[in-house]
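Colleague: I have a few questions about this chain. Can we go through them one at a time?

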Amino acid sequence: RDGFRRFAGERIAPHAGRWDREEAVPREIVEELAARGWLGAPLPVAAGGGGMDPVVYGLLTEEIGRACSSTRSLLTVHDMVTLALARWGSAAARAEHLAALGRGERIAALALSEPEVGSDAAAVTTAARRDGEDWVLDGEKRWITFGQIADLFLVFAAAPAGPTAFLVPAGAPGLSRRPIRGVVGTRASLLAELTFDGCRVPDRHRVGREGMGVSHVAATALDHGRYSVAWGSVGIAQACLDASLEHTERRVQFGRPLREHQLVQRMLTRMSVDVRAARLLCCRAGHLRRSGDPGAAAETLAAKYFASRAATAAAADAVQLHGARGMVDEAPVARFLRDARVMEVIEGSTQILEGLIPRFPAPEL
């Protein structure tokens with residue numbers, strides 16, 4: 001963790017505000033993450049990845065997210081695709097792409113959301129039809145994280161037997177992409193809109209069986225995404241706490257530091273305890289994932305739900321504590337608040353999780 005924190009503090013945090021305003025994480029940072037083995041880190045070594053322990057991966061995600069949630073989102077989506085391909089891809093597709101993805105030599109992005117499709121993943125309207133040994137894709141995808149620079153997309157489309165997943169290289173004929181700008185949070189995550197117009201994909205690039213796109217492939221990707229987002233939310237909440245402690249110690253009102261005022265202490269206490277609780281939930285989910293426990297997915301849902309809400313609450317309190325200074329785009333706490341709101345939407349919104357979590361009994365410790 002110290003190594004992750006040192007890198008994030010030196011190479012990411014000082015520039016995160018500028019990247020947010022410019023709406024782009026620079027390519028050189030992507031290359032540095034790859035050079036350190038942090039793209040594809042959770043992929044098993046035998047498959048060409050880093051084989052990183054889930055809890056250690058969580059600490060990496062927290063520290064990167066603490067510095068810049070947009071940069072964290074690259075780790076999230078890249079590994080969502082990589083792990084889904086490792087589990088469900090054909091032998092030919094794995095041989096062609098997996099090692100390069102595991103080394104970060106190619107960047108992967110998940111193409112699930114559409115202009116009218118978000119949480120209801122099974123309702124995708126991008127169409128896939130069989131044509132000999134190929135598939136032909138037509139439709140649109142939107143809000144694709146790092147879609148502006150990705151080399152490979154995991155695309156979900158409606159095939160005759162149901163939603164099906166396909167690997168589509170960025171240079172495939174019939175695929176075009178356009179930048180999306182002006183989003184509320186994670187502004188530097190290079191969002192793109194994709195259009196498929198007669199885009200031809202070989203059958204070896206189908207991931208999983210026809211009709212298994214949501215139930216199996218997307219489920220694998222989203223499970224990892226929720227875990228990564230949970231840890232990233234802890235990072236945001238911790239950054240809010242750090243900024244608030246520093247500001248309230250330095251800022252003097254009514255003759256004493258803000259931190260000595262009782263109502264301020266209550267806000268800081270709530271923030272601090274929420275950070276502790278969120279991190280412990282993430283650690284528990286990581287431990288269960290490491291041991292292959294069947295309850296890991298349910299604990300990941302709980303961690304994502306609590307941590308993302310804790311990040312939003314911490315960011316709102318941090319802006320409140322900073323007053324007018326926290327309400328301008330240049331203020332880090334303003335960026336934390338915008339980024340935290342995103343965390344409650346992506347990889348299963350807070351409301352979707354509230355419908356899922358009650359289906360699983362709370363485990364005994």
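Colleague: With which side chain does the side chain of threonine 350 make a polar contact?

Modeller: Bear in mind that this is a predicted model. Threonine 350 sits in helix α11, residues 350–356. Threonine 350 touches Tyr305, Ser308, Arg309 and Glu344, leaving out residues up to four places away in sequence. The side-chain polar contact, at 2.5 Å, is with glutamate 344.

Colleague: Is threonine 350 buried or exposed?

Modeller: The cut-off for buried is under 20% relative accessible area. Threonine 350 has 4% relative accessibility, so threonine 350 counts as buried.

Colleague: Which residues of α10 are buried?

Modeller: Helix α10 covers residues 332–343. Nine of its 12 residues are buried, so α10 is largely enclosed by the rest of the structure. The buried ones are Val333, Ala334, Arg335, Phe336, Arg338, Asp339, Ala340, Val342 and Met343.

Colleague: Which elements do the buried residues of α10 pack against?

Modeller: The enclosure of α10 goes with nine buried residues of 12. Those buried residues pack against α2 (16–22), α4 (54–67), α5 (69–88), α7 (213–250) and α9 (296–322).

Colleague: How far does α10 reach from its first C-alpha to its last?

Modeller: Helix α10 has 12 residues. At 1.5 Å a residue, the expected reach is 16 Å. The model comes close to that, with 17 Å.

Colleague: Now the loop between β1 and β2. With which side chains does the side chain of glutamate 114 make a polar contact?

Modeller: Glutamate 114 lies in the loop between β1 (108–111) and β2 (127–131). Beyond its neighbours within four places in sequence, glutamate 114 is in contact with Val124, Thr125, Thr126, Glu140, Lys141, Arg142 and Phe156. One side-chain polar contact, at 2.8 Å, is with threonine 126. Another, at 2.9 Å, is with lysine 141.

Colleague: What is the relative accessible area of glutamate 114?

Modeller: Buried means under 20%. Glutamate 114 is buried, with a relative accessible area of 3%.

Colleague: Which residue stands opposite lysine 141 in β7?

Modeller: Strands β3 and β7 run antiparallel. Nine bridges join β3 to β7, residues 192–202. Opposite lysine 141 in β7 stands leucine 194.

Colleague: And in β7, what is the bridge partner of arginine 177?

Modeller: Strand β6, residues 175–179, also runs antiparallel to β7. Five bridges join β6 to β7. The partner of arginine 177 is leucine 194.

Colleague: What is the phi of tryptophan 143?

Modeller: Most residues other than glycine have a negative phi. Tryptophan 143 is found in strand β3, residues 134–144. Tryptophan 143 is partly exposed, with a relative accessible area of 46%. Its phi is positive, near 65°.

Colleague: What about the phi of phenylalanine 146?

Modeller: Phenylalanine 146 is in the loop between β3 and β4 (152–159). Phenylalanine 146 is buried, at 0% relative accessible area. Although phenylalanine 146 is not a glycine, its phi is positive, about 60°.

Colleague: How many disulfides does the structure hold?

Modeller: A disulfide needs two cysteine sulfur atoms within 2.5 Å. The count for the structure is zero. Cysteine 68, for one, is in no disulfide, and the nearest cysteine sulfur to it is 14 Å away, in cysteine 240.

Colleague: Are cysteine 68 and cysteine 199 buried or exposed?

Modeller: Cysteine 68 has a relative accessible area of 3% and is buried. Cysteine 199 has 0% relative accessibility, so cysteine 199 also counts as buried.

Colleague: Now the whole chain. What is its radius of gyration?

Modeller: The chain has 11 helices and 10 strands. Its C-alpha atoms fill a box of roughly 80 × 45 × 35 Å along the principal axes. With 365 residues, a compact globule would have a radius of gyration near 21 Å. The chain agrees, at 21 Å.

Colleague: What share of contacts in the chain, between residues at least 6 apart in sequence, join residues at least 24 apart?

Modeller: Buried residues make up 54% of the 365 residues. Among contacts between residues at least 6 apart in sequence, the share joining residues at least 24 apart is 74%.

Terms used: Residues are numbered from 1 along each chain as its sequence is written. This is a predicted model: local features need pLDDT of at least 70, side-chain atom pairs count only at pLDDT 80 or more; totals for chains, interfaces and linings use all residues. Side-chain values use heavy atoms; hydrogens and water are left out. Helices (H or I, at least four residues) and strands (E, at least two) are DSSP runs, numbered from the N terminus. The expected span of a helix is 1.5 Å times one less than its number of residues. Buried means under 20% relative accessible area, exposed over 50%, partly exposed in between (1.4 Å probe, protein chains only). Contact means heavy atoms within 4.5 Å. A polar contact is a pair of N or O atoms within 3.5 Å; within protein, one must be able to donate a hydrogen and the other to accept it, and residues adjacent in sequence count only if both atoms are side-chain atoms. Two strands pair if DSSP finds at least two bridges between them. The radius of gyration is taken over C-alpha atoms; the globule rule is 2.2 Å times the number of residues to the power 0.38.
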